[in-house]
Amino acid sequence: MELDYHAELRGLTVRRPQLKLLQDVPFPDWVADNWETVKNFQARPDDLLIATYPKSGTTWMQEIVDLFNQNGDVKMCKRAPVYERIPFLEFFPDKGPPGVELIEKMASPRVIKTHLPIQLVPKSFWEQDCKTIVVTRNAKDNLVSYFHFHLMDKEMPEPGNWPEFFEKFLHGQVSWGSWYDHVKGWWEAQDKHRILFLFYEDMKENPRREILKVAEFMEKVLEEDVIEKIVHHSSFEVMKDNPMTNYTTFPMNILDHNISRFMRKGEVGDWKNHFTVSQNEDFDEHYARQMVHSSLKFRNVL
Ligand code: A3P
């Protein structure tokens, strides 16, 4: 499927953005420069938000939720790329419609993707008491995935090399800020808002079990064969070959799959292939300090 603005995007010389602070959180400049529009976004009571730190399983959850909304109709889920079916709230491409514009054109009930930390989510979402599905991923794999994504996505700031990016991630000097603040913020918000908090590692371990949690949260009652279909069509193996979920429909001058695929590995524990022994020691020490007062526990980290 060719989108109107894709032709224009293909012709662009892509400029890597700078990081800009918004309430002390770094963002690509295209978020910070358009902040008033995001901040004033008007949510509706039946909007469902999918909120994640980048690279923790957002696209996976988007596909699961859309499969539920289409009652498992796979053909319907291929009506458009995932980034059009469930737009990205704070996305402002150089050319083409911003996420907010796509969302405003959608019929309710709408599903919306965001990477915003809880304190920056437009307040209309909470005034409307919207539901949010949060997906989190262990910090080490999240970091590895984020580094590879920076390499292939020219809409992200220059990552530097692996040791440089490693340091930046630890100190929250990356887009959408500190992983620690992000996950702890959403974790602590569970008693204030309607939040389903999930872990990538649990989804990998038992997708069916976690998908049933999503069904319950979305108040969906579906036949067993439909649930099985959803489990199958949201698996990494199927999603990586589906152009409507694997981002290969996006112009290659922006997302360069020759450098690293968007659907890269989809595994737990890939950090072991990238961390040096000394990086791992530094990481563990830093992690323990950051998370010491939190009841939020991840697997496969220490
Ligand atoms: P890797 O880079 O480790 O492979 P996001 O959607 O938040 O950007 O996250 C992307 C990460 O989730 C990538 O991780 C991608 O491969 C992985 N992913 C996407 N769909 C998945 C699926 N169905 N099952 C497991 N992992 C998936």
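Where is the place of Pro109? Pro109 sits in the loop between α7 (99-105) and β4 (111-114). The close-ups below start there and then tour the rest of this predicted model.

**View 1. A cis peptide bond leads into Pro109.** Look at the link from Ser108 to Pro109: this peptide bond is cis, and its omega is near 0°. To find your way, trace the chain out of α7 (99-105) and stop in the loop before β4 (111-114).

**View 2. The ligand meets polar atoms of Lys55, Gly57 and Trp60.** Start with the side chain of Lys55, where an N or O atom is 2.9 Å from an oxygen atom of the ligand. At Gly57 the backbone takes part: one of its polar atoms is 3.1 Å from a ligand oxygen. Trp60 brings a polar side-chain atom to 3.4 Å from a nitrogen atom of the ligand. Taken alone the ligand exposes 560 Å², and the protein buries 98% of that. There are 18 residues around the ligand, and those that come nearest are Thr58, Thr59, Ser145, Tyr200 and Lys265.

**View 3. Lys55 and Trp176 are two non-glycine residues with positive phi.** Lys55 lies in the loop between β3 (48-52) and α4 (58-69), and its phi is near 75°. With a relative accessible area of 13%, Lys55 is buried. Trp176 belongs to the loop between α10 (162-170) and α11 (179-188), with a phi of about 70°. Trp176 counts as buried too, because its relative accessibility is 2%, under the 20% cut-off.

**View 4. β1 and β2 form a hairpin.** Strand β1 (residues 19-22) pairs with β2 in the antiparallel sense over four bridges. One partnership to pick out is that of Leu22 with Val25 in β2. Two residues separate the strands, and in the turn Gln23 has a positive phi of about 45°. Along β2 (residues 25-28), Val25 and Phe27 point one way while Pro26 and Pro28 point the other, and all are buried. In a regular strand the side chains alternate between the two faces of the sheet.

**View 5. The largest nonpolar core has 97 residues.** Met61, Phe125, Ile133, Trp179, Trp186 and Val214 have the most contacts inside this core. Helix α9 (residues 139-152) gives the core its largest share, seven residues. Zoom in on Val214: leaving aside neighbours within four places in sequence, Val214 is in contact with Met61, Ile64, Val65, Phe68, Ile133, Leu196 and Leu198. In soluble globular proteins, nonpolar side chains tend to be buried together.

How values were computed: Residues numbered from 1 in each chain as written. Predicted model: local features only at pLDDT ≥ 70, side-chain atom pairs only at ≥ 80, totals over all residues. Heavy atoms only, no water. Core = buried A, V, L, I, M, F, W, Y, C linked by side-chain atoms within 4.5 Å. Buried < 20%, exposed > 50% of the residue type's maximum accessible area, 1.4 Å probe, protein only. Contact = heavy atoms within 4.5 Å. Pairing = 2+ DSSP bridges. Near = heavy atom within 4 Å. Polar contact = N/O pair within 3.5 Å; in protein donor to acceptor, adjacent residues only side chain to side chain. Areas by Shrake-Rupley, 256 points an atom, 1.4 Å probe, with all protein chains shown as cover.
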